[in-house]
Amino acid sequence: MAIVLVAVGHAWEPLKGDSRVLEAAYTVVYSFHMPAFIIISGFFSRSFDMRPDRLRRLVTGVAVPYIVFETAYPLFRRVVDDAPEQEISLLDPWYLTWFLVALFVWRLTTPIWNAVRHPLPLALGIAALASVTPGIGNDLDLQRVLQFLPYFVLGLCMRPDHFHLVRRRAVRIAAVPVFAAALAFGWWAVPRMDTAWFYHRDAAQELGAPWWAGPVMVFAMFGCSLLLTACFFAWVPGRRTWFTALGAGTLYGYLLHGFVVKAGDYRGWFEHSVLHQPLGEIAVSVLAAVMVTLLCTAPVRRVFRCVMEPRMEWAFKRDAAETARAREPREKRETREKVSV
């Protein structure tokens, strides 16, 4: 559900300038869809340590896709947009690939966050400092890495019980007026607030604001994002549904839908006047949701697994501990595991 909102938000970008209502909805979605996605990423990274097999998965499942797609997106633009001047740079994440850089850094530092006494306040302090440091520059999109860091650390600190708390009936009912108020505020804020604040890719000074606005916005947006994310999680079904299994393929949908959205931007698909009418905007939203859902399905994952989750045993040394476990008699291994449990 979070990745659907990501795709719909990207599809709204070329259309939102002509509709204050759509731009208000865009503002609300951007205030929580990536925080929700990042919190989930942190929650499922809680057990990450420096064990060799987990480091290998980090390389093959995050670093390799970054290299592939950071190369593929500029090449795609060269061909489809007839832009031979488009450079390929692994140091300057392009479009969607910043999240892979961020996830690599966040997950690699997970043992540190699990070791410190107060990880979330520390992460918020780092994000606040980043928001007043324009000298960080654009290399590896470190502004985003640092400013979105608190959401990942929050995910590390969460337990399954926290998700059960927000799924209570009272919270689900309260989420309706909260989202309604958020939409009303978004409509009011459209001419008064720069949406670049929601991207977390610039320091306050780069947005033409005084330095102190950076920390203020970091804390204010963290609170607002957390409230809306809790309301979003309240609406996520707790039971198994037809789309539950698609959650395993969200990274596929995330990285692949950008080619369709960018192709539409390059080829002028979004310039048709009918798409700038309410019915056209609804149609684009539905098509984007269907598209990213299909990109998360098993057939698509089978086709692109070679670049998204490549098997690269040839690139890594054989772990001695794994070899020893493989040679251990089955009965002895099962007994040891039961004792450990």
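**Two cavities and an unusual loop**

Hi everyone. Let me start inside the protein: the structure holds two cavities of 30 Å³ or more. Please keep in mind that this is a predicted model.

A word on the idea behind this. If you roll a probe the size of a water molecule over the atoms, you see where empty space is left.

So, what lines the largest cavity? The lining is made up of S131, Q147, W197, H200, D202, A204, G214, M217 and V218. The space in there comes to about 40 Å³. Which helix gives the largest share of that lining? That would be α11, residues 213-235, with three residues. By class, the lining has four nonpolar residues, four polar ones and one charged.

On to the second largest cavity, with about 30 Å³ of space. Around it you will find L124, A127, Q147, P150, Y151, H200, V218 and F222. Three elements each give two or more residues to this lining: α6, α8 (149-157) and α11. The classes here are six nonpolar and two polar, with no charged residues.

If you have the structure open, try clicking on Q147, H200 and V218. They are among the residues lining the largest cavity, and they are also among those lining the second largest one.

Now for the loop. Between α6 (119-130) and α7 (142-147) sits L140, and D141 is in that loop between α6 and α7 as well. What is the phi of L140 like? It is positive, about 55°, even though L140 is not a glycine. D141 also has a positive phi, about 50° here, and is not a glycine either.

Are these two buried or exposed? L140 has a relative accessible area of 30%, so it counts as partly exposed, since that class runs from 20% to 50%. D141 is at 10% relative accessibility, and because buried means under 20%, D141 counts as buried.

Last, the annotation. The UniProt record, an unreviewed entry, lists residues 2-298 as "domain: Acyltransferase". In the model, that span is 66% helix and 0% strand. How far apart are the C-alpha atoms at the ends of residues 2-298? They lie 18 Å apart.

To recap: two cavities of 30 Å³ or more, with α11 giving the largest share of the lining of the largest one, and a loop where L140 has a positive phi and so does D141. Thanks for listening!

How values were computed: Residues numbered from 1 in each chain as written. Predicted model: local features only at pLDDT ≥ 70, side-chain atom pairs only at ≥ 80, totals over all residues. Heavy atoms only, no water. UniProt positions renumbered as here; feature names shortened; annotations may be inferred. Helix = DSSP H or I, 4+ residues; strand = E, 2+ residues; numbered from the N terminus. Buried < 20%, exposed > 50% of the residue type's maximum accessible area, 1.4 Å probe, protein only. 1 Å grid on protein atoms, 1.4 Å probe; cavity = no way out; pocket = protein on both sides within 12 Å on 5 of 7 lines; lining within 4 Å. Points joined across faces, edges and corners; volume = space filled by probe spheres on them. Nonpolar A, V, L, I, M, F, W, Y, C, P; charged D, E, K, R; others polar.
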